[in-house]
Amino acid sequence: MPRRLAATFVATALTAGPALLLGAVPAHATGNHGPARGTADAVVLRTGLNVGLLHKTLDVPLNAVLNEVHAPASASKTALTVTLDGLDHGKPFSVLRADAATARGTADRHKAEGYANLVRAKVHLPGLPPQLSLIEAQQVTAKAVCEAGQRPRAESNVLGPVRVLGKKVTLTAGGTTDVKVPGVGEVRLDLSHKSVTSKSAAATALELKVSLNPLRLNVADVHGRVTLVRAGCTAPGGTGPGDNGSGGTSGGQTGGQSGGQTGGQSGGGTKPAGGGTEVHQAGTRPGSSQNLAETGGSSATPYLAGGAALLVAAGAGSIGYARRRRGAAAQGGRG
């Protein structure tokens, strides 16, 4: 009887113990393993304009983007050419030329950074004489950095002289400058707007609200917004670009954003649906996603392991007890 009892305990311990331990370590697949990556974006130029033609009742949209990137990506094209329906018999029109135009975005689980830079840039608009630029700038930069566990930061700089409609203007950081030219129109220029929240940051170097009446090349008026050099980011683990709040860059994001992104993504001279602007420029928007497998135990693992250990100990005790009984019986027989 003692031998049978010991064998039963041992069999139970050896069967139930490993089964409990194995059952405590499930394996399952999960997405977005670990902290989420940050995001970053940058753009050198974005226009959201309506061009009114002299002999037509409708406005023609001029939505163009140069070097718009979303991390991880970079672009460095220095010229943007468009073809506008009804303008100068469909001839290509140069919106921007620069010595250097760079946009860059990087992002991982520790840091996200957007950066844009423009050097010796001239922006032209339909209907203006070739020698008259909407704006000329020596150097314009914007940068936004979002690091995990730190407050995001954003900055923008306009270096050197700036001319608007041929006039040299004095800019005030965070301020607004109005430029009016009789017979041509007026431009409201906003300098160095930035928006910083606990999870995101964005900076726009220059934003122009344009209202022109050039009366040239079949153009009656041009009105809308032009954004020059913008960068933004969200911190790793953040909630995405929508967590920007209502900072000063909202105008830069909304002014012509939908049409501008459409033009930027089409690239290669593809004409957007509904007519309007044919854009020739560079832009990249790669993306990736990952799903990783995770193995581990649940909160019940310590209890299951403890129960298995008790069963094994009980089996070992039963064996020892049986051996002692057998040894005592053998000594009694010899006596």
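How many residues lie between β13 and β14 in the hairpin that they form? The two strands form their hairpin with 3 residues between them, and this report, which concerns a predicted model, takes the strands around that hairpin as its starting point.

## Strands β12 to β14

Strand β13, which covers residues 185-196, pairs with strand β14, residues 200-212, in the antiparallel sense over 11 bridges. Within this pairing, His 193 stands opposite Thr 204 in β14.

On the other side of the sequence, β13 also pairs in the antiparallel sense with β12, here over 6 bridges, and Asp 178 has Arg 188 in β13 as its bridge partner. β12 and β13 likewise form a hairpin with 3 residues between them, and in the turn of this hairpin Gly 183 has a positive phi of about 80°.

## The setting of Thr 177

Thr 177 belongs to strand β12, which runs over residues 176-181. Its relative accessibility is 15%, and because the cut-off for a buried residue is under 20%, Thr 177 counts as buried.

Once the neighbours within four places in sequence are left aside, the contacts of Thr 177 are with Val 169, Thr 170 and Leu 171, together with Val 187, Arg 188 and Leu 189. Of these, Arg 188 is also the residue in β13 that serves as bridge partner of Asp 178.

## The disulfide

The count of disulfides in the model comes to 1, and the bond in question joins Cys 146 to Cys 233 with an S to S distance of 2.1 Å. The pair links distant parts of the chain, since Cys 146 lies in strand β9 (residues 135-147) and Cys 233 in strand β15 (residues 219-234), 87 residues apart.

Is this cysteine pair buried or exposed? Both Cys 146 and Cys 233 are buried. The torsion about their S-S bond is about 75°, and the disulfide is therefore right-handed.

## Confidence in the model

Across the protein the mean pLDDT is 74, with 59% of the residues at 70 or more. Over residues 18-32 the pLDDT stays under 50, although the model has 27 contacts beyond four places in sequence for this stretch. Residues 282-298 also have pLDDT below 50, and for them the model shows 41 contacts beyond near neighbours in sequence.

Where pLDDT is low, the predicted coordinates should not be read in detail. The contacts listed for residues 18-32 and for residues 282-298 call for that caution.

Conventions: Residues are numbered from 1 along each chain as its sequence is written. This is a predicted model: local features need pLDDT of at least 70, side-chain atom pairs count only at pLDDT 80 or more; totals for chains, interfaces and linings use all residues. Side-chain values use heavy atoms; hydrogens and water are left out. Helices (H or I, at least four residues) and strands (E, at least two) are DSSP runs, numbered from the N terminus. Buried means under 20% relative accessible area, exposed over 50%, partly exposed in between (1.4 Å probe, protein chains only). Contact means heavy atoms within 4.5 Å. pLDDT is the predictor's confidence in each residue, from 0 to 100. A disulfide is a pair of cysteine sulfur atoms within 2.5 Å. Two strands pair if DSSP finds at least two bridges between them.
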